[in-house]
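The following exercises concern the architecture of a structure with its chains, domains, sheets and helices. Please work through each task before reading its solution.

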Amino acid sequence: MELPLLTRVQEGGDLFRLATAETVATMTPADGAVGLLCGAGSQSRLPHPPGPGEQYRFHFDMTKCIGCKCCVVACNEQNGNPADILWRRVGEIEGGVYPHTQRHYLSMGCNHCLEPTCLTGCPVDAYSKDGLTGIVRHSADACIGCQYCTWNCSYGVPQYNPERGVVGKCDMCYGRLVRGQEPACASACPEDAIRIEVVKVAEWREHYRTSANSPGMPSADDSISTTHIQLPPKMPGDTGRVDLSCLRPEHAHSPLIVMTVLTQLSVGAFTSIGILQAFSTQPHRTAALIALLVAMIALAASTLHLGRPIHAARALKMWRRSWLSREVLLFTLFAFAATAYSAVLWIGMRGAAWLGLLTVILGICGVSASARLYLAPGRPAWNSPLTLVEFWATTALLGACCASILTLGAASTRYAVLLAFGFALVTTGLKLARLARSRVHELHGSWQLLTTVLSTHLLLRIVLPCVGLALLPLAATPWARIATAVVMIGGEWMGRYLFFVSVVPSNMASGYLTQEGA
Amino acid sequence: MKLADWLARKSGLDIGSSKYSYSDDPVLGFTSSGKCSERWVNSTCGYCSVGCGMQLGVKDGRVVSVRGNPDHPVNLGKLCPKGLAEHYAIEAEGRARYPLLRRNGQLVRINWDEAIRTMVEQLRAVQDKYGPESLGVISTGQLVTEEFYTLGKLVQLGFGTRNYDGNTTLCMSTAVSGYKRSFGSDGPPGAYEDLEHADVILLIGANIAENHPILCTRLEANKAKTLIVADPRVTKTAMMADIYLSLKPRSDLALINAMLRIVIEEERYDANFISSHTTGFDELRASLEPYTLEYAAQITGLEPGMIRRTALLYANANAAFIGWTMGVNHSTKGTETVNAMNNLALITGNIGRQGASPFSITGQCNAMGTREAGFTSGIPGYRKFEDEKDRQQIADLWNLPVERIPTGRGLAYPDIIEGAVAGKIRALWILGTNPLVSFPNIDVLKRALDNLDFLVVQDGFHPTPTTELADLVLPTAIWGEKEGTYTNSERRVSKVNAAVAPPGEARSDFDIFLAVAESLGCREELFPGWSDPGDAFNEWRRVSAGRLCDYSGMTYELMNEIGGIQWPFTSEALSGASLPRRLYSDGIFPTEDGRARLLPTQWAPFPEQPSSEFPLILNTGRTVEHWHTRTKTGAISILQRMAPRAWLEMNPKDAQQLRLQAHDRVEVISARGRVSKVELRITEIVAPGQVFLPFHFAETNANQITQSAFDPISREPNYKQCAVRIEKSSANAAHA
């Protein structure tokens with residue numbers, strides 16, 4: 001995934017689909033002839049069409065912008081979007097001491113990055129980087145509404161439209177450009193602060209750091225933004241975003257809580273079943289069936305996360321590039337293997353151990369892919385190996401609890417639970433320490449959320465597994481074994497809930513007032 | 001939604017492709033299909049006084065999109081965010097649709113005949129009982145000029161009350177008074193083009209980047225300028241400045257007087273211009289004696305050297321421009337401050353030339369129209385009540401005996417309200433304004449309205465805080481639904497056209513005025529043969545002929561063609577319709593002796609100084625997304641999304657002392673009342689000791705705390721400074 005997009009394309013790899021005139025024409029027939037692009041230069045304010053090794057980009061002149069937000073309104077009018085979806089936004093940064101105060105504005109649509117993380121993550125290939133213009137385009141028809149791109153973009157550019165069930169984003173008014181018309185934002189700007197330029201890709205790759213970064217903007221390193229930001233010559237050293245103290249919990253994504261916790265439970269259970277079968281040759285047929293059912297519920301629940309569940313199968317498409325596709329693929333294979341394994345256990349056929357091993361391997365790979373996909377640039381709190389560890393720890397803990405139930409509380413399984421508990425506890429501790437100690441706004445913001453509005457949840461997340469542990473000495477009694485498992489699942493459930501709601505997305509600075517509230 | 005549709009949507013088969021499709025529109029280009037229009041109607045924006053030319057796209061009887069008219073000389077196709085979303089105001093949920101009469105405490109729907117009959121009967125009954133002047137009328141700056149002209153005649157001559165004023169007294173009357181005193185007449189002398197040609201531009205109390213963003217385009221075009229901004233708050237405009245003067249609240253008059261003194265002391269004035277075109281130089285010079293640099297520095301908080309530098313920059317400029325808005329006008333010393341700025345322009349000869357003007361940037365889209373053609377503080381055509389010749393002239397034009405023309409103005413807006421509190425005004429007719437949010441010290445206004453026998457509110461929106469108190473609500477057409485003209489700040493008259501019909505039974509104000517006149521029995525006398533605004537316009541052209549605001553050469557056709565004409569425009573000047581025009585280019589002023597007056601002025605501290613109980617100074621103002629009391633912009637979701645509620649700006653030093661955190665909800669308390677649960681913004685935009693609150697929001701109405709202090713000359717309220725204290729709200733909203 002690390003190789004730069006254009007290099008890959010030039011190397012002839014097929015990992016990235018680079019839109020050609022043909023594919024573009026088929027994507028949105030209304031756009032019609034790309035050949036019209038040749039006329040782009042005819043309007044004096046538009047530059048010549050990009051040549052080989054070049055692409056279009058936005059030029060934003062912060063010294064001219066007065067924060068009037070005409071671009072925001074013009075963009076919404078152009079695209080017919082409702083008011084809660086803004087493909088172009090204006091944010092504020094501020095610094096200095098009165099009367100030498102400076103407040104500046106950032107106006108941002110899509111940055112049409114050289115290495116668009118929205119594109120690389122997309123499981124259905126809904127994104128393409130236009131071969132002629134470098135514009136990162138999105139096809140609503142191809143999109144299944146998984147919203148993975150909204151996590152992957154560190155600028156918060158793609159936005160999910162619940163009315164449509166798909167994501168949408170700024171395409172630099174592609175349809176206008178090919179007709180020689182200026183994009184709506186640039187055309188509306190009374191201060192001439194937004195322009196379209198042609199950039200030489202190779203040069204930009206060398207020098208983007210000085211011109212693509214700005215206070216109030218996430219690092220351009222994530223995806224190599226192409227937007228050229230003209231900064232004022234002198235900015236106070238403390239210039240920064242004005243929305244820092246404005247934190248609020250993110251969406252909980254309940255289907256994904258169900259999906260991740262239950263897949264991990266199922267994988268943990270199958271692992272226990274497999275191990276017990278290998279060592280004690282007990283088939284645990286009913287347990288396998290229940291674990292299989294849990295996996296099915298998890299996979300079914302995951303489709304409810306999609307804006308277009310009917311097209312869920314498309315998510316398999318980009319397995320060579322997207323961790324989301326890989327997750328779906330691996331869990332699908334896991335489900336097949338688990339079905340076969342359960343069937344073999346019921347029938348009592350030979351080879352069950354091998355099938356069990358396969359199930360467990362696929363399951364652990366699935367959990368790993370599942371965790372890996374959360375390592376998204378736009379979600380700094382997730383973007384750490386600890387996420388992998390966290391998901392494994394859940395799998396281990398819930399698996400150990402299952403083993404405890406299946407062995408009627410055998411001592412070895414109690415130690416397994418104790419070990420897994422320790423593993424999970426250390427992981428949680430490390431994660432909290434990472435957040436608490438960080439100076440990165442998004443990470444420390446997560447810590448602030450966890451310790452203020454989410455503090456009760458955090459307390460539960462820690463107390464529940466402890467209760468489970470306290471019940472462990474009573475594991476000889478069935479109700480205590482079940483209770484341990486239930487409490488442990490509850491703890492992990494709460495942990496996953498916090499995982500989703502406590503993340504502070506990386507984004508461009510916003511205005512001071514949030515939309516919610518009074 | 002049908003089950004099949006719901007399933008299609010939820011399953012993802014239907015992604016609303018047609019709603020989110022794009023098409024080619026001949027005017028807009030490639031755009032959202034929903035915005036493509038069948039026809040385009042040229043008009044002028046109905047928000048502020050910049051007066052941007054617009055085109056309204058109509059499809060299926062709805063205005064589906066707007067765009068800036070690329071050929072209009074004011075804005076060349078650009079619009080501010082309010083303008084870009086203006087079409088949504090037409091279909092806003094809160095539009096007034098039917099006449100409503102209060103019966104048993106409830107507003108109930110009635111028909112127009114009954115509404116007009118009831119209105120005339122009730123108002124006449126009050127006038128019969130308490131005298132003709134017991135009727136007060138408060139209008140707006142947002143009707144078309146034709147309506148102002150008609151309304152003035154109807155009120156002054158039909159109803160026979162002089163107690164008629166506009167809400168323009170809340171924003172522009174100070175500029176009017178200042179111009180009248182200095183130059184002998186109202187009328188901003190310059191043109192927007194001056195912003196492109198001035199080499200020094202001094203903006204005092206004018207945050208044009210927030211309030212008149214399209215004017216900033218002119219600043220941007222002028223690369224050679226030195227922009228000086230004087231404002232106590234580091235506004236968006238201040239941040240554009242080459243020199244920012246962070247003066248203390250209400251110290252502008254001291255600053256200008258010190259500048260005048262330096263210019264005279266160092267002999268940087270235009271002696272020729274002074275001797276040929278002004279009177280009062282010696283008195284002015286004598287009056288400036290106290291305003292040494294040190295004295296002004298002490299009052300303004302600026303460095304003495306900075307004041308001198310500013311004065312010399314201004315005086316040495318080839319063409320220097322002074323622009324001001326509410327920072328100056330909203331003050332008990334406003335008129336004098338305007339006179340001081342005029343003094344500065346006059347003694348340096350910075351008037352009547354390209355780039356050189358003392359320029360009041362107006363507020364509402366047609367505040368200028370009511371100043372020219374209204375019948376409030378003067379007789380239409382900038383005629384004076386006191387002037388016998390003016391009265392005779394207008395009587396002749398109207399074929400009326402001169403005795404019918406009042407010999408003095410009636411009560412100004414704040415005095416009408418005081419009159420109602422005192423029981424002298426017993427009935428009120430309020431048009432196109434929302435005083436329940438916009439009038440200072442709102443409790444006084446509430447008392448006034450409680451005292452009335454009958455309240456008529458005529459508005460395009462219902463409910464508003466004001467219509468809710470009415471005995472009779474008359475629903476009107478708004479921008480986009482009626483025809484007429486607006487005059488902008490640079491005296492440019494532009495055409496306003498109807499794109500669609502008003503909702504329900506709403507009618508244009510013009511139609512309502514004629515119906516009221518009919519019912520009063522004065523229609524034939526005052527409005528003979530009139531049926532549409534064009535009739536009023538034609539009479540107004542005759543009435544304005546030969547006056548400073550001469551419209552006689554203008555026609556609707558010509559305006560539609562070139563997008564707006566600056567007055568004076570006589571029938572002889574037909575060829576130069578699109579040329580920029582300035583007043584007083586010949587150095588002759590409309591005073592008795594043809595000379596402008598240099599007027600001594602005296603700085604004084606603002607009326608309510610901070611105290612131990614109320615230690616902070618409250619400043620009020622606006623934000624770009626909203627217009628006045630948000631009757632229109634509050635109903636437009638995109639503007640609401642960008643500016644959802646009010647906030648209070650406070651310097652970190654004060655916040656630290658008060659132990660307040662960002663986003664805390666706070667109470668803003670003055671001697672008169674409080675604003676509750678405003679979100680705190682801690683920022684270096686405001687100086688320590690000062691706080692800033694936008695006034696648009698009825699829910700957190702700044703006028704709960706502003707004071708009843710008015711300019712003695714213009715009667716404009718001192719909205720800008722009052723003493724407050726800040727406390728944390730008790731039930732603090734949870735914020736991380």
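The exercises below move from domains to sheets, helix packing, the chain interface and local backbone features.

The model is predicted, so local features need pLDDT of at least 70 and side-chain atom pairs count only at pLDDT 80 or more, whereas totals for chains, interfaces and linings use all residues. Residues are numbered from 1 along each chain as its sequence is written, and chains are lettered from A and ligands numbered from 1 in the order in which they are written.

**Exercise 1. Domains of chain A**

Task: State how chain A is divided into domains and describe the contact of domain 1 with domain 2.

Solution. Step one is the division: chain A consists of domain 1 (5–241) and domain 2 (254–501), with bounds that come from an automatic or database domain assignment. Step two is the separation: the centres of the two domains, taken over C-alpha atoms, are 38 Å apart. Step three is the contact, in which 22 residues of domain 1 of chain A meet 21 residues of domain 2 of chain A; two residues are in contact if their C-beta atoms, placed from the backbone, lie within 7 Å. On the side of domain 1, helix 4 (117–121) and helix 5 (148–152) of chain A each supply at least two residues. Helices (H or I, at least four residues) and strands (E, at least two) are DSSP runs, numbered from the N terminus. By class, that side holds 11 nonpolar, nine polar and two charged residues. Here Ala, Val, Leu, Ile, Met, Phe, Trp, Tyr, Cys and Pro count as nonpolar, Asp, Glu, Lys and Arg as charged, and the others, Gly among them, as polar.

**Exercise 2. Two sheets of chain A**

Task: Give the strand order of the sheet that contains strands 9, 2 and 10 of chain A, and that of the sheet with strands 4, 3 and 11.

Solution. Begin with the open three-stranded sheet of order 9-2-10, whose pairing is mixed; two strands pair if DSSP finds at least two bridges between them. Strand 9 (194–200) and strand 10 (228–230) of chain A are its edge strands. Between strand 2 (residues 54–61) and strand 9 of chain A, seven bridges are made in the antiparallel sense, and A:Phe58 stands opposite A:Ile196 in strand 9. Helix 8 (residues 201–212) of chain A packs on this sheet, touching strand 2, strand 9 and strand 10, and its direction makes about 135 degrees with that of strand 9. Angles run from 0 to 180 degrees between N-to-C directions, and axes are lines fitted to C-alpha atoms, for helices over the stretch in contact.

Next, the open sheet of order 4-3-11 in chain A has antiparallel pairing throughout its three strands. Strand 4 and strand 11 (240–241) of chain A each have a single partner strand, so one side of each is left without a neighbour in the sheet. Strand 3 (residues 89–95) and strand 4 of chain A are joined by seven bridges, and A:Gly91 has A:Leu106 as its bridge partner in strand 4.

**Exercise 3. A helix pair**

Task: Determine how helix 11 and helix 12 of chain A pack.

Solution. First, helix 11 (323–347) and helix 12 (352–372) of chain A meet at an angle of about 155 degrees, with axes 8 Å apart. That angle makes the two helices of chain A roughly antiparallel, a label for angles over 145 degrees. Finally, the residues of their contact comprise 17 nonpolar, five polar and three charged.

**Exercise 4. The contact between chains**

Task: Which element gives the largest share of the side of chain A that touches chain B?

Solution. Start from the totals: 59 residues of chain A are in contact with 56 residues of chain B. Elements of chain A that give two or more residues are helix 3 (70–79), strand 4 (102–108), helix 6 (174–177) and helix 15 (441–451). The largest share, eight residues, comes from helix 3 of chain A. By class, this side of chain A has 26 nonpolar, 19 polar and 14 charged residues.

**Exercise 5. Local backbone features**

Task: Locate the cis peptide bonds that precede B:Pro463 and B:Pro568, and place A:Asp125.

Solution. The bond joining B:His462 and B:Pro463 is cis, with omega about 0 degrees; B:Pro463 lies in the loop between strand 17 (454–459) and strand 18 (472–475) of chain B. The bond from B:Trp567 to B:Pro568 is also cis, with omega near 0 degrees, and B:Pro568 occupies the loop between strand 21 (565–566) and strand 22 (596–597) of chain B. Lastly, A:Asp125 has a positive phi of about 65 degrees although it is not a glycine, and A:Asp125 lies in the loop between helix 4 and strand 5 (127–130) of chain A.

Notes. Parallel < 35°, antiparallel > 145°, perpendicular 65-115°, else oblique.
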